[in-house]
Amino acid sequence: MSKTFLSIDDILTRVAPLVNPRTGILGTATELPRTPGNPAIPVYSTNIHCAELAMAESPAGTGVFLEREWAKAKSYCEALERYCNVKHAHQNFIVATRQELGIEAVDLELFPRCSDAEYRNPANPTTPPSNRQPMRWVEGYSLISGQPMYVPAIGVYVGMHPEYAGETFTTSISTGTALAASYEQAIVTGIGEAIERDALSIAWWQKLALPQVDLREFPDPAFQERLSRVEAAQIQSYFFDATTDLGVATIYAVQVAPHGRLRTMVMSATRTNPLALPSKVLDESAASRIGIEHSLSQPLPFDPADYRTFMRLSDGAAYYADAATAPAFDFLFEQTRWRTLDQLPRLDHPDPAVEAQRLIDIFRRAGLELIVVDLTLPALREVGLYTIKVVAPQLMPFSCNYNARFLATPRLYSVPERMGYPVLAEAELNHWPQPFA
């Protein structure tokens, strides 16, 4: 059985050869200062120092946890994950059309697409996916067919810019990237993130009246400690069951700070074990709040009166700092359904290989393709850490660009119907910008 999780000592020992502010891949993890109105949950950040990255600005990793050493270790892991997920300057790809590659490449007709109205918008940077246009490809592996499969590199690596006509069908994003001590655990985490982004996007655009999750009696001391720190910062947390037809537990959370700088923010998480979700959501929220508030300290790069100017990751999230935007969340709070955490599906297993297979079987039964790309670089493999990118082309993508919401993706309409929700037509979809970041 593959080792699932590492201890703090294991993580810090493995990453130690990679940490050096001057000569290492990573800088030293530093704790971010807690600003007024934020919960007392430690947040650490680690910068990536590598000239090989084909990006103007190197990314960083963030780690959050009640114990500082854990937060530090998590920030190192996320930084390494992002290091692997960025195109490196020396990488080469196959350039071809899907027609030329044939069944050895994923069918681009499976990928999300914008509606005709969106494509007519001159501010939309995307074009319809085409099997006839050339693009760069990277080899992956279909977890459904069990065969090697090429996928578009633009859909794998963050920071890539289109160089061929066919590459403008999507936007570069980190969804589905994961790092772990085994490939199996990384696959479980990557699939979970892909499902999470699908769920939160469908819930928002379709204005799904998700049932609220009652955590008042949830007996987890670690969660209760986090919640007490959040409430001490005068932040109210509301948890909703966003589990989709795929049956993997997902929570969509809304935090409200009536007197804070950021009035409303959202966070979500997907796990095979729903008992892990509440703490995960509160941790991620603590880090996200700091990032969003930082963006609020800068001149806004968007016009709040024109959603077409919302194109960057934090634009929508920053927009909801204004208390006047509170009605955007009415569709969640007007419903009266409740459920407990133990009513959410459990798929966890001590062996991550079993967990991975359970998730793969869900996709197979649903007729959904699922591809994994090995992003592990030699420096990580040497210390026993592995990074992958899961590509699930038929899932609804998260998009922060209001001009490219991919509103013609079939799951945006089929999932609510299968789950018994009213289905909104394109003209009826949520007009408010995406709050997730």
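Biologist: How does the lining of the largest cavity split by class?

Modeller: In this predicted model, that lining has 14 nonpolar, 4 polar and 2 charged residues.

Biologist: And what's the volume of the largest cavity?

Modeller: About 360 Å³. Of its 20 lining residues, Thr170, Ile173, Thr175, Ala392 and Pro397 are the closest to the centre.

Biologist: Which elements give two or more residues to that lining?

Modeller: Helix H5 (183-205) and S14 do. The largest share, 3 residues, comes from S14.

Biologist: OK, how many cavities of 30 Å³ or more are there?

Modeller: The structure holds 4. The second largest has about 60 Å³ of space, and its lining includes Trp205, Phe310, Tyr402 and Arg405. By class, that lining has 5 nonpolar, 4 polar and 1 charged residues.

Biologist: Switching to pockets: what lines the second largest one?

Modeller: It has 14 lining residues, with Arg216, Leu227, Glu231, Ser237 and Phe239 nearest its centre. Its volume is about 300 Å³.

Biologist: Which element supplies the largest share there?

Modeller: S9, with 4 residues. Strand S8 (212-214) and helix H6 (221-232) each supply at least two.

Biologist: New topic, H2. Which of its residues are buried?

Modeller: Among them are Ala73, Tyr76, Cys77, Leu80 and Cys84. Helix H2 covers residues 68-85 and reaches 26 Å from its first C-alpha to its last, close to what's expected.

Biologist: What do those buried residues of H2 pack against?

Modeller: Several elements, including helix H1 (8-15), strand S2 (43-47) and strand S3 (60-64). Strand S14 (386-391) is also one of the packing partners of H2, and S14 lines the largest cavity too.

Note on methods. Residues numbered from 1 in each chain as written. Predicted model: local features only at pLDDT ≥ 70, side-chain atom pairs only at ≥ 80, totals over all residues. Heavy atoms only, no water. Expected span 1.5 Å × (residues − 1). Buried < 20%, exposed > 50% of the residue type's maximum accessible area, 1.4 Å probe, protein only. Contact = heavy atoms within 4.5 Å. 1 Å grid on protein atoms, 1.4 Å probe; cavity = no way out; pocket = protein on both sides within 12 Å on 5 of 7 lines; lining within 4 Å. Points joined across faces, edges and corners; volume = space filled by probe spheres on them. Nonpolar A, V, L, I, M, F, W, Y, C, P; charged D, E, K, R; others polar.
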